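User: Could you take a close look at one helix pair for me and walk me through how the two pack? Some side-chain detail around it would be handy too.

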Amino acid sequence: MQDLSARDLEFVLRTVVDKRDDYGYLQELLHDKPDLVDLLLDDPKLFRRIASEEDVLLKISPYLFFEILLRQARKDLSHRRYTVERVSIYRQVPVLDGTQVGELLGREELRGYLANLLASFTKTNTAVFYFKVGSRLYKRRYSDLEVEDLLGLVRLVEDSYRYPLYLRIGELCLFLSAVFPDYIEEKVKEHFVRAAKVEELFRCPWGVEEYTSEGERYYRLAASLREKTYPEEAALLRTVADNFLLLRKSLNHVAENYLCFRQAFALQNR
């Protein structure tokens, strides 16, 4: 409920409840009834509508959009014994873990976290960071869609300020390895083609495997910094780390089966 705007609720009601027109009253009624909202969000009419309307993101928040898609993924994967795992750009193999992925998406806190994660990447954030070394002042521009930029910032800030950077690195690793695995592998291929010296071959950009292992590691680092002050948040981040591969598959299922999200994202961020 806390992530849904009034406009989101109205969209849900107008889509699902088609035999009444007192939507203002119904919105008030739902404010203290999250179980009813949960039932409404599972209605198949919502998925059919957002899948068919090109301008749907002008009508609802990105959070609601991805929440509905993740709920559909839960339904699909809960009835499927396997998921498809990419082992290379050209080869995929079935793995018998579909029900596990579906069960994870059935956990409200995880599904809500993933919906917010996807929504956060509908826009990229760039900023300029100033730092001083000795008497010299340096300026560095960074983007929260570039792992190298975030890793560079981690090395420049004190431990107490590293939590949001650790978390964003973990989120970026999950997002890119799930939604843009082809882009990651193409970068690796291009590096080997363009490497002019032997030593450059050993500075290869991360592949999907590295994004997975490093994503797990940075989620755990973020959790360790939240352990004492926000134990529930730390527990959630550890759960993401422990199930990184399965959650990556859930996001990949959404990207591969429901939307042209990757193309839209690429066009928006040219």
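Analyst: Helix H8 (residues 147–154) and helix H9 (residues 163–179) pack at an angle of about 160°, their axes lying 10 Å apart. Keep in mind that this is a predicted model. Since angles over 145 degrees count as roughly antiparallel, H8 and H9 are therefore roughly antiparallel to each other. As for handedness, the crossing of H8 and H9 is left-handed. On the H8 side, the contact is made by Val147, Leu150, Leu151, Leu153 and Val154; H9 brings in Leu165, Tyr166, Arg168, Ile169 and Leu172.

Arg168 deserves a second look. Besides being one of the H9 residues in that contact, Arg168 has its charged end over the ring of Phe121, 4.1 Å from the ring centre. There's another arrangement of this kind at Tyr163: the charged end of Arg226 sits over the Tyr163 ring, 3.8 Å from its centre. Residue 163 is also where H9 starts, as the helix covers residues 163–179.

While we're on rings, the count of aromatic pairs comes to eight. One of them joins Phe65 and Phe66 edge-to-face, with 5.1 Å centre to centre and 75° between the planes. Phe65 is buried, at a relative accessible area of 9%, and Phe66 is buried as well, at 2%. Both belong to helix H5 (62–78), which is among the elements covering the buried residues of H1. Elsewhere, ring pairs tie Tyr113, Tyr219 and Phe244 into a cluster.

Terms used
Residues are numbered from 1 along each chain as its sequence is written. This is a predicted model: local features need pLDDT of at least 70, side-chain atom pairs count only at pLDDT 80 or more; totals for chains, interfaces and linings use all residues. Side-chain values use heavy atoms; hydrogens and water are left out. Contact means heavy atoms within 4.5 Å. Helices (H or I, at least four residues) and strands (E, at least two) are DSSP runs, numbered from the N terminus. Rings of Phe, Tyr and Trp (its six-membered ring) pair if their centres lie within 6.5 Å; planes under 30 degrees apart count as stacked, over 60 as edge-to-face and the rest as tilted. Buried means under 20% relative accessible area, exposed over 50%, partly exposed in between (1.4 Å probe, protein chains only). A charge sits over a ring if NZ of Lys or CZ of Arg is within 6 Å of the ring centre and within 35 degrees of the ring normal. Axes are lines fitted to C-alpha atoms, for helices over the stretch in contact, and angles run from 0 to 180 degrees between N-to-C directions. Angles under 35 degrees count as roughly parallel, over 145 as roughly antiparallel, 65 to 115 as roughly perpendicular and the rest as oblique. A crossing is left-handed if the near helix is turned anticlockwise from the far one by less than a right angle, and right-handed if clockwise.
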